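Here are a few exercises to work through with the model open beside you. Try each task before you read its solution.

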Amino acid sequence: MLSRPFLQSFLRRATGVLAAALLSHAHAGEVEVLHFWASGGEAHAVAQLKATLRANGHTWKDFAIADGGGGLAVVMLGSRVRSGNPPTAAQIKGVAIQEWARTGKLSGIEDVASADGWNALLPRLVSDTMKYRGHYVAAPLNVHRVNWLWINADVLRRAGAKVPATWDEFFATAEAIRKAGITPVAYGGQSWLDMGTFESVAIGVGGVEFYKKAFLQLDRAALTSPAMEKTLETYKRLKSYTDQRNMGRDWVSATAMLNRGQAGMLIMGDWAKAEMLAAGKRPGVDILCTSTPGSREAFSFDIDSIVLFDVSDEKKAAQRDLARAVMGREFQQAFNLAKGSIPARLDVPLDRFDACARRARQDFQHGAKHGTLLPSLAHGMAQPSHTVAPMWDVIQQFWNQDRMTAREAMNRLAAAARPPPPPGR
């Protein structure tokens, strides 16, 4: 386990290495970056990027939106671009990268990517996500795994329970934790967190092919299948193992419940590790990590990335320094140690990372070989926001309204899942 002083020292050294590497590219300019990394651990991670740009003579102008899932950030970004005053760069994910590229508002970075050999450094799935019509328009910082189950090791011992591999085992463990007088499941009750938990349940109940048909293809037969109804029933069953104050709770507060032993388990992506580390907890030791029940072969992923907007010429040199910094080998290591994710670059060693991160890298590579990498529906990797938002609403209503049946929710979800319009429409 890495101590916080060690991490801080390591990150300072990494920043210095990056500054030296980028010195030849330095042309002073302002870089305004819109992002929604606002928690303590996330802020610590993004501080490394700020320091790198400042070390090269650039001015960093923060445009941070404390928004968790990024919905408000998307609205703010659209407003800025429509007014003719886009930020220099923005944190954008998944299919939104191609949506923005189609508007012609992005500044391509193929020259930087080609010069630095990004194709050889990134997994094909990651590089394809960063491109539009075969050319890079975004730079990836990391890969998050969404379908993680975290368990407080001390609570598990006190309950005399075991790490669950199936949903039946999960509920048995939850019962044991409840009998020990502890809330079994810490639950974050914001809409994107509801959807994230729901998609993890769907993978475990229905399997990889079901997930692809239902959420990537929006196949109506899958959306109205027995597997979907069972997914919804299993998801709603979780509610009886949470506390009554979960509505609207953010992920930082839910993770804190787990860290303090106020709850035994948490279904959450590995960004939660940033808060575990900040609380002095050791992922894989104090807080155990395993794939969500039934999803061992799958890897539901979320990739943080930066896109650059078309700005005045005097800002473009700083933009390219930003792209180089994001993909720098030392920076990728430093950022992901602080963020809880794994580096997007394949050549970054994980000897300084915890066991959960090393397993994530192994499972990601396994998924790439066997076709079990799944773009997260909750995080904009699978469908555009205007498709996912109505689905979010259905899942949140189903969670909060006890009278709504799984069958009713299934029919509403199928009605809400509308394929995106063809490009140009």
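Of the chain's 425 residues, 58% count as buried (buried means under 20% relative accessible area, exposed over 50%, partly exposed in between, with a 1.4 Å probe and protein chains only). Before you start, note that this is a predicted model, where local features need pLDDT of at least 70, side-chain atom pairs count only at pLDDT 80 or more, and totals for chains, interfaces and linings use all residues. Residues are numbered from 1 along each chain as its sequence is written, and side-chain values use heavy atoms, with hydrogens and water left out.

**Exercise 1. Work out whether the radius of gyration of the chain agrees with that of a compact globule.**

Step 1: Get the rule, which is 2.2 Å times the number of residues to the power 0.38, with the radius taken over C-alpha atoms.
Step 2: For 425 residues that gives a value near 22 Å, and the chain has 21 Å, so the two agree.
Step 3: Look at the C-alpha trace too; along its principal axes it spans about 60 × 55 × 40 Å.

**Exercise 2. Lay out the open sheet that four strands form.**

Step 1: Pick out the elements: helices (H or I, at least four residues) and strands (E, at least two) are DSSP runs, numbered from the N terminus.
Step 2: Put the strands in order, E14-E7-E12-E15, with mixed pairing (two strands pair if DSSP finds at least two bridges between them).
Step 3: Mark the edges, E14 (342-343) and E15 (373-375), each of which pairs on one side only.
Step 4: Zoom in on E7 (residues 142-145) and E12 (residues 299-302), which run antiparallel and are joined by two bridges. Here His144 sits opposite Asp302 of E12.

**Exercise 3. Find the surroundings of Thr255.**

Step 1: Locate Thr255 in helix H14, residues 251-259.
Step 2: Check its cover: the relative accessible area is 0%, so Thr255 is buried.
Step 3: List its contacts (heavy atoms within 4.5 Å). Skipping neighbours within four places in sequence, Thr255 meets Leu266, Ala272, Glu275 and Met276.

**Exercise 4. Explore the largest nonpolar core.**

Step 1: Recall that such a core is a set of buried Ala, Val, Leu, Ile, Met, Phe, Trp, Tyr and Cys residues joined through side-chain atoms within 4.5 Å.
Step 2: The largest one has 136 residues, and those with the most contacts inside it are Trp118, Trp150, Phe215, Met228 and Leu322.
Step 3: Follow Phe215 outward; leaving out residues up to four places away in sequence, its partners include Phe198, Leu223, Met228 and Leu377.
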